[in-house]
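Below is a short note on the pockets and one sheet of this model. Please read it with the structure open.

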Amino acid sequence: MSGVRTAVAQLLAAAVRAGLAPGAVAAWVGLGQSAPSTVATGTADLGPPPAPATADTVFDLASLTKPLATATLVLLARRGGRLDLDTRVGQLLPELAARPLGERSVLELLTHSSGLPAWAPLYALCRGRRERLAAVLGELPLEAAGRQVVYSCPGFITLGLALESLHGRPLDRLFAEAVAAPLGLGIGFGPRPGDRVAAGAGVPAAEHRLIAERGLDESWIPATGPGLPDDGNARFLGGAAGNAGLFGRALDVLALASVYLPGGGLLTDEERALATGNHTPGLGQARGLGWQLASSPGCSAGASLAPEAFGHTGFTGTSLWVDPHRRLIAVLLTNRTHPGHGEVDLHPLRRRFHDLLAQP
């Protein structure tokens, strides 16, 4: 694999020189590899003083939280008989029982087919009061369920609240106790003391733009800072939300993703198959439980991964793809939002990265 490692190092170095991100860390493991490979290049924090990106750099994983934390916790709750995929939201969040959202199922939320919008500034709509969050979610515009996939952060925020209500414990504790601790991983909601964290945006410019477009008060955007998630709704929820908030190293992400391959521990074969199968045929995207499938048009997997491969991306510049046929797990973490908040398209870089790893 030395030739692949050299090619990946050259690819990431060129991406950093081209200004796609200050730094990048890749980790991967595939058929025939006895141990994962890693490559780190560029700068994790421009400082001053600048800090180099290393294999130990912790990144804001952003929406990788959706499959790795929220969907995994749903699967474990299902095994325990606490819920099923056809459980209605109103059964888990009584505040929504009389609202249209309360009739949506856990499956519809997991597959982004619930009819909820892509995004909403919940912190502004709640005006800083978290206790109104479920009610505000119930007031969001809701299209018919099951007609198309619309990638929805509010849908996964709803799932996070439902899990907290179901277990009577906050999401960060649930994840730590049920997922991270059994696997012996340092991944979690928010960095740990002593972690070297890749820096993010100084100002959440994208959220300022979205808030301004809606004519809302920008002063309601939660403050950013080191160790806080880029996602404003996750910051509003104390750093742990169903849609975002996980922090971890590339090797942490790889190890957690491995539970979705046979022999990876934590999950059963039935749960793995359920999570990574296509539950949205004919709805525009192929979606598993939290996962996107590589057969989805225009996704970041690229043509070299099997159509059954599953993965996800994150706004901060993160991606994870798993090809079960090759037993390949490919993790690419960047800090593309640092120091500004430019929305750089990393899909070409991700696809080329996968091409290199998929070589025979």
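**Pockets and a three-stranded sheet**

1. In this predicted model, the largest pocket has a lining of 35 residues, and Ser63, Tyr151, Thr313, Gly314 and Phe315 are those that lie nearest its centre. Three elements give two or more residues to this lining: α9 (205-213), β8 (310-314) and α13 (347-357). Of the elements, α9 gives the most, with four residues.

2. The space in the largest pocket comes to about 850 Å³. By class, its lining residues are 13 nonpolar, twelve polar and ten charged.

3. The second largest pocket holds about 350 Å³ of space. Its lining is made up of 22 residues, with Ala198, Ala199, Gly200, Ala201 and Gly225 nearest the centre. Nine of the lining residues of the second largest pocket are nonpolar, nine are polar and four are charged.

4. Turning to the strands, one open sheet has three of them, in the order β4-β6-β5, and the pairing is antiparallel. Which strands stand at the edges? They are β4 (59-60) and β5 (188-189); each has a single partner strand, so one side of each has no neighbour in the sheet.

5. The contact between β5 and β6 (residues 246-248) can be checked at residue level. These two strands pair in the antiparallel sense over two bridges. Within this pairing, Phe189 stands opposite Leu246 of β6. In general, strands of a sheet pair through backbone hydrogen bonds, in a parallel or an antiparallel way.

Terms used
Residues are numbered from 1 along each chain as its sequence is written. This is a predicted model: local features need pLDDT of at least 70, side-chain atom pairs count only at pLDDT 80 or more; totals for chains, interfaces and linings use all residues. Side-chain values use heavy atoms; hydrogens and water are left out. On a 1 Å grid over the protein atoms alone, a cavity is a set of points where a 1.4 Å probe fits but cannot get out, and a pocket is an open set with protein on both sides within 12 Å along at least five of seven lines; lining residues have an atom within 4 Å of a point. Grid points are joined across faces, edges and corners, and a volume is the space filled by probe spheres set on the points. Ala, Val, Leu, Ile, Met, Phe, Trp, Tyr, Cys and Pro count as nonpolar, Asp, Glu, Lys and Arg as charged, and the others, Gly among them, as polar. Two strands pair if DSSP finds at least two bridges between them.
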